[in-house]
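Trainee: I would like to learn how to read a helix and a cysteine pair from coordinates. Where do we begin?

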Amino acid sequence: DIPVHDGRLALGTWQGLYLCEWGEEAKKREVVATLLSVGDTRATHNTTITAPRRGCHLVTDSVQSALGPAAGRATGSPGLANVLLRHTSASLTVNENADPTVRTDMEGALNRIVPESWNGAMFNHVDEGPDDMPAHVKSTLFGASLTLPVSADGQLNLGTWQGVYLCEHRTVGGFGGGLARDVVVTLPAGGAELGQANTAGQTTVTVTAPRRGCHDITAQIEAAIEPGGALGLEDSDSECSVVETGWLNLFIQH
């Protein structure tokens, strides 16, 4: 789930979309792309959340605060919020909000699942420190994006014991930004009139994995929302994508 700003995918500088193929041979894979239109940029909000240190941190209140500018326009109907972390060495997840030892144990488990000892034994991307490549793997395991329900009063509709975690996987944070992490919050229904569907379109994009492994398919997906693409409808006046601001959901049919 990815926010769209000014007709482009609003990814972080170093972020890309991966198709991870587990089969041995080249395969064509169908990806359903659904684009939701948000008619007002106030339905998106950028914020910065700073992790106090490496580990898993409860940031529900920070995400709720970031919802404010968009949630203030609520029509009185429940909806969804997309939260994107624009980094590749941290992640977002939802888990217990009560006992802080859960977050400590989560960090310990991640370090066991992806140990830094793999730098010498398996990883080739080792020039940015021993915690860097393990951080990329951990980020992929949890993911950089969450889609969360929002109640009619603009509040995150989480379970009693649920909270949003920012998981900082690096000891000194990301390149150039330290432990300050950029987060984009989007309310997909923010620009739609009450009772009006805001789905701008849906298409199936076929991408080919050349072999087993993880492959960057950002360009193929972005082409679908550009003017002239399957979802990038032409505006005869401005010759630009009709969907200036919105939200793209991707679903692989495999």
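Trainee: Which residues of H2 are buried?

Mentor: Keep in mind that this is a predicted model. The buried residues of H2 are Arg103, Met106, Glu107 and Leu110. They lie on the same side of H2, because the arc they cover around the axis is only 100°.

Trainee: Which exposed residues does the face turned away from the buried side of H2 carry?

Mentor: That face has Thr104, Asp105 and Arg112 as its exposed residues.

Trainee: What covers the buried residues of H2?

Mentor: The cover includes three strands and a helix: S6 (55–58), S8 (90–96) and S10 (162–168), together with helix H4 (132–142).

Trainee: How far apart are the end C-alpha atoms of H2, and what span should its residues give?

Mentor: Helix H2 runs over residues 101–113, which is 13 residues. At 1.5 Å a residue the expected span is 18 Å, and the end C-alpha atoms are 18 Å apart, so the two agree.

Trainee: Now the cysteines. How many disulfides does a search of the whole structure find?

Mentor: First the general idea: a disulfide is a covalent bond between the sulfur atoms of two cysteines. Here the search finds zero.

Trainee: Why is Cys56 not bonded to Cys167?

Mentor: The sulfur of Cys167 is the closest cysteine sulfur to that of Cys56, but at 3.3 Å it is too far for a bond; the cut-off is 2.5 Å. Cys167 is likewise in no disulfide, its nearest cysteine sulfur being that of Cys56.

Trainee: Is Cys56 buried or exposed, and is Cys167 buried or exposed?

Mentor: Cys56 is buried, at a relative accessible area of 6%. Cys167 is buried too, at 0%.

How values were computed. Residues are numbered from 1 along each chain as its sequence is written. This is a predicted model: local features need pLDDT of at least 70, side-chain atom pairs count only at pLDDT 80 or more; totals for chains, interfaces and linings use all residues. Side-chain values use heavy atoms; hydrogens and water are left out. Helices (H or I, at least four residues) and strands (E, at least two) are DSSP runs, numbered from the N terminus. The expected span of a helix is 1.5 Å times one less than its number of residues. Buried means under 20% relative accessible area, exposed over 50%, partly exposed in between (1.4 Å probe, protein chains only). The arc is that of the directions from the helix axis to the C-beta atoms. Contact means heavy atoms within 4.5 Å.
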